[in-house]
Amino acid sequence: VDAFVDPTPSVVILAPVITSSLAASGTVGSAFSYQIAASGSPVSFNATGLPSGLSVNSQTGAITGTPTADGDTTATISAVNSGGTGSASLVISIAP
């Protein structure tokens, strides 16, 4: 009996899982920096709902800038690979 064995093993790529801290803090008028970290070799990153003055680098996952207002904000951070998107809530506390 002849059997065919596929020489290419099946590879399942899982969506990223956010591994960085889910809390960050800064001060109005001072440089802010936070790095999104995730498993699964992400190819891009995103963040929505960031405080005024902050932005995300979609290639590196760095959230940087200078906050312009104080308060607590919950942003959604995400990482993407061919397996999908992983996201989490990040609480950013900005002091006056």
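**Notebook: two sheets and a core**

I began at the hairpin of E4 and E5. Five residues lie between its strands, and Gly61 takes a positive phi near 85° there. I noted at once that I am reading a predicted model.

**Entry 1: the sheet around E5**

Next I looked up how E4 and E5 pair. E4 covers residues 54–56, and three bridges join E4 to E5 in the antiparallel sense. I checked single partners. Leu54 has Gly65 in E5 as its bridge partner. Ser55 has Thr64 in E5.

Then I looked at E2, residues 32–35. Four bridges join E2 to E5, residues 62–65, and these two strands run antiparallel. Ser33 of this pairing has Thr64 in E5 as its bridge partner. So which residues share Thr64 as a partner? I found Ser33 and Ser55.

I wrote down the whole sheet. It is open, has three strands in the order E2-E5-E4, and its pairing is antiparallel. E2 and E4 are the edge strands, each pairing on one side only. The twist averages 15° from one strand to the next.

**Entry 2: the sheet of four strands**

I turned to the other sheet. This open sheet has four strands in the order E1-E7-E6-E3, and the pairing is mixed. Why is one side of E1 and of E3 left without a neighbour in the sheet? E1 (23–27) and E3 (44–48) stand at the edges with a single partner strand each, so one side of each stays without a neighbour. The twist averages 30° from one strand to the next.

I wanted to see where "mixed" comes from. A reminder from my reading: strands of a sheet pair through backbone hydrogen bonds, either parallel or antiparallel. E1 and E7 pair in the parallel sense over five bridges. Ala24 stands opposite Ile92 in E7. E3 and E6 (residues 71–81) pair in the antiparallel sense, also over five bridges. Phe45 stands opposite Ala79 in E6.

**Entry 3: two faces of a strand**

I then followed the side chains along the edge strands. In a regular strand the side chains alternate between the two faces of the sheet. E3 shows this alternation. Phe45 and Ala47 point to one face and are buried. Ser44, Asn46 and Thr48 point to the other face and are not buried. E1 also has two faces: Ala24 and Gly26 make up the covered one, while Ala23, Ser25 and Thr27 make up the uncovered one.

**Entry 4: the core**

What does the largest nonpolar core contain? I counted on the listing: it has 17 residues. Those with the most contacts inside it are Phe32, Tyr34, Ile63, Ile77 and Ile92. E2, E3, E6 and E7 (84–95) each supply at least two residues of this core. E7 gives the largest share, four residues.

I picked Ile92 for a closer look. Not counting residues up to four places away in sequence, Ile92 touches Ala24, Phe32, Leu50, Pro51, Leu54, Gly71, Asp72, Thr73 and Ala75. Ala24 is in that list, and Ala24 is also the residue opposite Ile92 in the E1 and E7 pairing.

**Entry 5: two serines**

Is Ser20 buried or exposed? Ser20 lies in the segment before E1. Its relative accessible area is 13%, under the 20% limit, so Ser20 is buried. I looked up what surrounds Ser20. Leaving aside neighbours within four places in sequence, Ser20 is in contact with Tyr34, Gln35, Ile36, Ala37 and Ile77. Two of these belong to the core residues with the most contacts, Tyr34 and Ile77.

I also checked the polar side of Ser20. The side chain of Ser20 makes a polar contact with the side chain of Tyr34 at 2.9 Å. A polar atom of the Ser20 side chain lies 3.2 Å from the backbone nitrogen of Ala37.

Ser41 gave the opposite reading. Ser41 lies in the loop between E2 and E3. Its relative accessible area is 61%, over the 50% limit, so Ser41 is exposed. One more note on its backbone: Ser41 has a positive phi of about 50° although it is not a glycine.

How values were computed
Residues are numbered from 1 along each chain as its sequence is written. This is a predicted model: local features need pLDDT of at least 70, side-chain atom pairs count only at pLDDT 80 or more; totals for chains, interfaces and linings use all residues. Side-chain values use heavy atoms; hydrogens and water are left out. Two strands pair if DSSP finds at least two bridges between them. Axes are lines fitted to C-alpha atoms, for helices over the stretch in contact, and angles run from 0 to 180 degrees between N-to-C directions. Buried means under 20% relative accessible area, exposed over 50%, partly exposed in between (1.4 Å probe, protein chains only). A polar contact is a pair of N or O atoms within 3.5 Å; within protein, one must be able to donate a hydrogen and the other to accept it, and residues adjacent in sequence count only if both atoms are side-chain atoms. Contact means heavy atoms within 4.5 Å. A nonpolar core is a set of buried Ala, Val, Leu, Ile, Met, Phe, Trp, Tyr and Cys residues joined through side-chain atoms within 4.5 Å.
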